[in-house]
Amino acid sequence: MSVLPLPDMDGAAADEVATEPVPPSRRRGLPQLLRRPGSGLGVAWLVFLVIASFTAPLWRPYEVDEQDLAHRLEGPSGAHWLGTDPNGRDILSRIFTAGAEPLLVSTLTVLVAFGIGIPLALMAAQRGRRTEQVTSRLTEIVMALPSTILLLAVIGVIGIKIYLVMGILGVLISAVVYRIMLGVAQSVRQRLYVDAARVNGLGSLAVNLRHVLPGMATVIAVQAAQLFGIALLIQSGLAFLGFGPAEPQPSWGVMIQTASQHIYDAPWLMVPTGLVLALTVVAVNELADAIAGKVTAERVVPRRRSRVVASSTAAPADPDAVLEVRDLSVAVDGGPQLVTGVSFALRPGRVLGLVGESGCGKTMTARALLGLLPDGVSVSGGSILWQGRELVGLPDSRLNDVRGREIAMISQEPMVALDPMFSVAYQLIQPIRRLRGVGRAEARKIAAELLTSVGIVDAERVLKTYPHQLSGGMAQRVCIALALTGKPKLLIADEPTTALDVTVQAEILSLLRALVRDTGLSVVIVSHDLGVVADICDDVAVMYAGEVVESGSVAAVLDDPAHPYTMALLGANPHVPDGEPVPRRLASIAGTVPPPGSWPTGCRFAARCQFAQEQCTVPFVPFPAHGDGRATGSVRCIRVEELARAHVTWDADDVGAVVLVGADPLEPADETAPTAGVRS
Amino acid sequence: MFAYLARRLALAVLTVLAAVLISFLLVHATPGSPGAIRAGAGGTAAEIARYNSELGWDQPLWRQFLDYLGQLVRLDFGTSLIDSKDIGADLGQRLPVTASIALLATLLSGLVGVLLGVTAAVRGGRFGRFITSSSGVALSLPAFWVGILLVFVLSLQLGWLPATGYTRFTDDPVGWLTSLALPVLTLTVGGAAVIARTAGAGMREALRQEHIRTLRAVGTPEWRIRYLHALRYASVPVVSVLGIQFIALFGGSVIIENLFALPGLGQASQAASSSHDLPALVGVVVIATIVVVVTNLLLELVVAALDPKVRTS
Amino acid sequence: MTAAPAAGATAASALDPAPVLEVRDLVVRYGSGRRARNAPPAIDGVSFDIAPGETLGVVGESGSGKSTIGKAVLGLQPATSGTVTLHGQDITAMSLKQRSRLVADLRVVFQDPYSSLNPARTIGQTLVEPLALMGIKGVAALAKARAGLEAVGLPGDAADRYPSQFSGGQRQRIAIARALVCDPKVVVLDEPVSALDLSTQAQVLNLLADLRDQRGLAFMFIAHDLGVVRFLAQRTVVLYRGQIMETGPVEAVNSRPRHPYTVALTAAAPVPRPAEQAARRAAREALGVGTAGAAQPAATGCPFVPRCPLATDICVAERPPLRLVEGTYAACHHAERVPQL
């Protein structure tokens, strides 16, 4: 009974469950739960307990008050499997006879708590702020009442009417249920399908029952299970204190109380009853964990990198290159490849764009450069030569000498890329001191200078702010300043403007361009937007399904695309230069990017390509292309020369409104990489 | 911030008032009367009536309530129906016992729980899984049963600690500590498990955050990332749960005090409940509510100090 | 702005004299209490018409209030003042339930294809729901739902599946099918392609254009991307801080913007041609438009003043009305002096 107000230990998890649409696997219900050994056993025990308790009068070997004074306080024996109590009564019979009441009473508590809490939460979430504030204040008061002591007071006044008492407990707990469910209901109501149903004119009751409540089901199940466990503990705790059923009616609490008095002469007595009660609560909580989808084998944070040995140590092909990536492969550990055979070189002061749609591996490639791949994903082959030094296979401690000092990174979501708990000043000063070896006062001066250099006018004020007080554009500037603290020579920018407004994007791109011009910084920029690439990049590598399909100078690739995929991407872009008419139809590509693990041999784009032929399904090596004397590139298309001769363009009219999408449109198409939370 | 604090304080006062009102109404809903309880089984009707009018029971309800509030403001909780002792003085003596158990258990739970949870999140692997699943079991165990097991092992088998009883701090500080050791340990088993889970989940979530990658990208040392940035991020839920733990341990002290024969508030409420000592019951409820309300207020201040988002809004 | 003519009324009247959707002087404030009353409204006096079969693009950056307008038109967000008229019927204050009884002509497609379909319901159940509310039930409803799926390029048996079995682009097609299944006249498209990849985005845009032309639908197309609006819309409304900066035929607004903000917005959208983009960048940097979110504008004047290179005293003192300047309506005191890209 140590936990009366529901410990909100699952608050975070509950919220996660609520905001994520239920993945299909979770809908399969019970069998899925049983796959976890713990919860399988838990469910088995609960089923056994319920059946055994409610049928106890039919099978119990002795009556509950049948005394065998010759055999008092005995251990397990053939006659009494679980021994006997101080009056010589059979413990086995008593334990299971006692089970029915706590199970019923705890169910009642849960029903009362949810019967009040959920409708209240649904109503508050629906009615909006004013109603919500009134109900929330009311429940805060109820939550602040000391429930255990209040229950004792209730018993003191009305006596031991256990159903009534536990019902009142349910009323008290309903405030906690309300609090948890309100958050869930509000987050479910923000889902757009609720709005869509409301626009359709569905009544509010139907909206709640059909759309809001099902979205809350997981959390409700988890909380109900936990609450059941707590009610069970409280009920037996009350019985332990002497507020349980009267003798000779057995109860777990009283039996444990008796055991505590005979701990000197019959320690065995505390084992069976305690074990049954503990097992039951453990089983219920295990069930709750399983429903919450909390795998106990949670992903851990080992910062151990795979021990891949660089596959080539030959001299760099491009003697001027500061960074050279050769045949880089990235894979999920023990899973599919995410990136294969990516090669490119970057000269000082140049900007390289990695461009492609979601799931093409461009972000994975960029992150591999700094050894910052997500857990469970690692470089599986190839080489990353940074100023002649091999980075693949380096331990984190050695990579830390490179990170920040030589290569830095900015990411897609500037608002979450800064630590919300620390001020901007702290987050800048700390790496400045470490990377530049200066004192605090000097570091603060440098921090202000850095902020000014990234176009922040009131640097002193911004230094004092916390990340949540910054706008997206401002936060990205701070992130760039942070990346510059160690005076790096290479900046990796992962979709640095995707989350920003278009005018802010233009400002950030101008800033990056100025940095490249003024400091000789090299940049690898990941983007899905060919316009951004055209704006800032010197070179570009177009990626599709984990490999580079076309590379070369930006002017060569974008003005004269050789690979059908590049052609299609350009044709799909609705941004046409001024003066040109907007196309009547946009080019589009049938189907979706094949997920990692199901890439075909030969050309991976063949299945979606307008120009695919038989020969495209056999493996081949990329052809050199876009050579202009200074930079070279490649094209991974076996028909490249043929297509170039024919002056083909990607036909815009192949996918219409009534044409099926893709060859197999109902393939469960998950456009993101299989690793959770990894987006490319 | 000031207006916010004022609002929280007003709500706190309202909560205490609500607690007083509820327990007051509860007492008055009882079929018997305080006079009958004081007079005992052999009391005559005249005796009961005299007691009742002495206690003001014959006054209108609202009058009695206002009188009682007036008493409370003067910290007068009335006298016990059973032994006519001053309830305020009695509870005043008991409060430190319960408070020290709850406080020590909370602190120890926090220490052990954070240590285990952070280790589980950082080390991971089989060890991390072991901590996560065993804390799942530990938080499900009934405290009174854990208490008995601990008495059996630590007191009866090993003889390290006294099984029951209470020594005052002023009488013997070391004896005080050893007399509290078993109850505190008992409560810590479940408490530390809850904290370990919260801290573990918090750390895991913190280490998944985008800003952790930003820190890695500038070569921040791993210890700094884990024990400064991630731990700070995880500290907000941990502190909240610690507050809830304290409240729960305070309320749940009834059973522990019964088991270890400790003269605390819980024991008083059990006794008052068994003997229908109505003024004492109301007193316990009021004091417990005040403890909860004050803890909640402190909790909000601590969270505001930890989380700049709360602090600056 | 009450004195201003109905925004773009002339352009609309060229297509049809009777607009299917009219919005007049719409004001939306969030929250209640003194603080909310003192804050600038999310939507501040917006008026526009949409003719049958026409697509009106509503463009703006985050915080411009473009999605709020959509919500107010749909009845998901109560209007503080102003009117929304559908087929000549004032629906501003009507509850969603009343609307469904009186007008089945207004539907919506949202941005996020992942949260716009209930994961616990089959596609069929999702599509049948609006039909049931119109009294079409059973086999007839199911047949209509299947026809609706086929119309958006999905097989009819998709009705038996759950949303998780579809990709983002396919889900967006389903959302479109749900909006169209009860043959509405007006569809609010709230950033329907922003969450999609480029090639999928093109598929959905083509589909929307086809459906509009086949069925004579009117779209209120909310987007942050001028290029996308230019593809789909005939007329456009450019919003900044809840106010209309410029409105007119989409080609005119694009090729010869008359408001400094429209110029900034157009210039900032990058095109995938390196040489062309370099020229645009140079032009944009020469404009001298201030950084977003630099300072709060004065409540009295033009909201764009803190960023505007042309701002003078009158811009601070007086809010410019929408006025006709060579083919588009612009709310700028200096519309004639606005530089060309």
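The following is an exchange between a biologist and a modeller about a predicted model.

Biologist: What limits apply to this predicted model?
Modeller: Local features need pLDDT of at least 70 and side-chain atom pairs count only at pLDDT 80 or more, while totals for chains, interfaces and linings use all residues. Residues are numbered from 1 along each chain as its sequence is written, and chains are lettered from A and ligands numbered from 1 in the order in which they are written.

Biologist: Why is C:Ala298 called partly exposed?
Modeller: A residue is buried if 20 or more other C-beta atoms, placed from the backbone, lie within 10 Å of its own, exposed if 12 or fewer, and partly exposed in between. C:Ala298 has 14 other C-beta atoms within 10 Å, and is therefore partly exposed.

Biologist: Where does C:Ala298 lie, and what does C:Ala298 touch?
Modeller: C:Ala298 sits in the loop between H12 and helix H13 (313-317) of chain C. Helices (H or I, at least four residues) and strands (E, at least two) are DSSP runs, numbered from the N terminus. Leaving aside residues up to four places away in sequence, C:Ala298 touches C:Val305 and C:Val316. Contact here requires that the C-beta atoms of two residues, placed from the backbone, lie within 7 Å.

Biologist: What makes S6 and S11 of chain C edge strands?
Modeller: The open sheet of eight strands runs S6-S7-S8-S3-S9-S10-S12-S11 (chain C), with mixed pairing. Two strands pair if DSSP finds at least two bridges between them. S6 (106-109) and S11 (323-325) of chain C each have a single partner strand, so one side of each is left without a neighbour in the sheet.

Biologist: How do you know that S3 and S8 of chain C are paired?
Modeller: Five bridges join S3 (residues 55-59) to S8 (residues 218-223) of chain C, against the required at least two, and the strands run parallel. One of the bridge partners is C:Ile222 in S8(C), matched with C:Val58.

Biologist: Which helix packs on this sheet, and at what angle to S9(C)?
Modeller: Helix H11 (residues 260-268) of chain C touches S9 (235-240) and S10 (243-249), and its direction makes about 100° with that of S9(C). Axes are lines fitted to C-alpha atoms, for helices over the stretch in contact, and angles run from 0 to 180 degrees between N-to-C directions.

Biologist: What is the pairing in the sheet of chain A?
Modeller: Four strands, in the order S2-S1-S4-S5 (chain A), form an open sheet with antiparallel pairing. Six bridges join S1 (residues 323-332) of chain A to S2(A), and A:Val325 has A:Phe344 as its bridge partner in S2(A).

Biologist: What span is expected for helix H6 of chain B, and what span does the model give?
Modeller: The expected span is 1.5 Å times one less than the number of residues. H6(B), residues 125-138, has 14 residues and reaches 20 Å from its first C-alpha to its last, close to the 20 Å expected. Its buried residues include B:Ile131 and B:Ala138. Among the elements covering the buried residues of H6(B) is helix H12 (270-291) of chain A.

Biologist: How many residues of chain B are in contact with chain A, and how do they divide by class?
Modeller: 84 residues of chain B are in contact with 81 residues of chain A. The chain B side divides into 43 nonpolar, 30 polar and 11 charged. Ala, Val, Leu, Ile, Met, Phe, Trp, Tyr, Cys and Pro count as nonpolar, Asp, Glu, Lys and Arg as charged, and the others, Gly among them, as polar.
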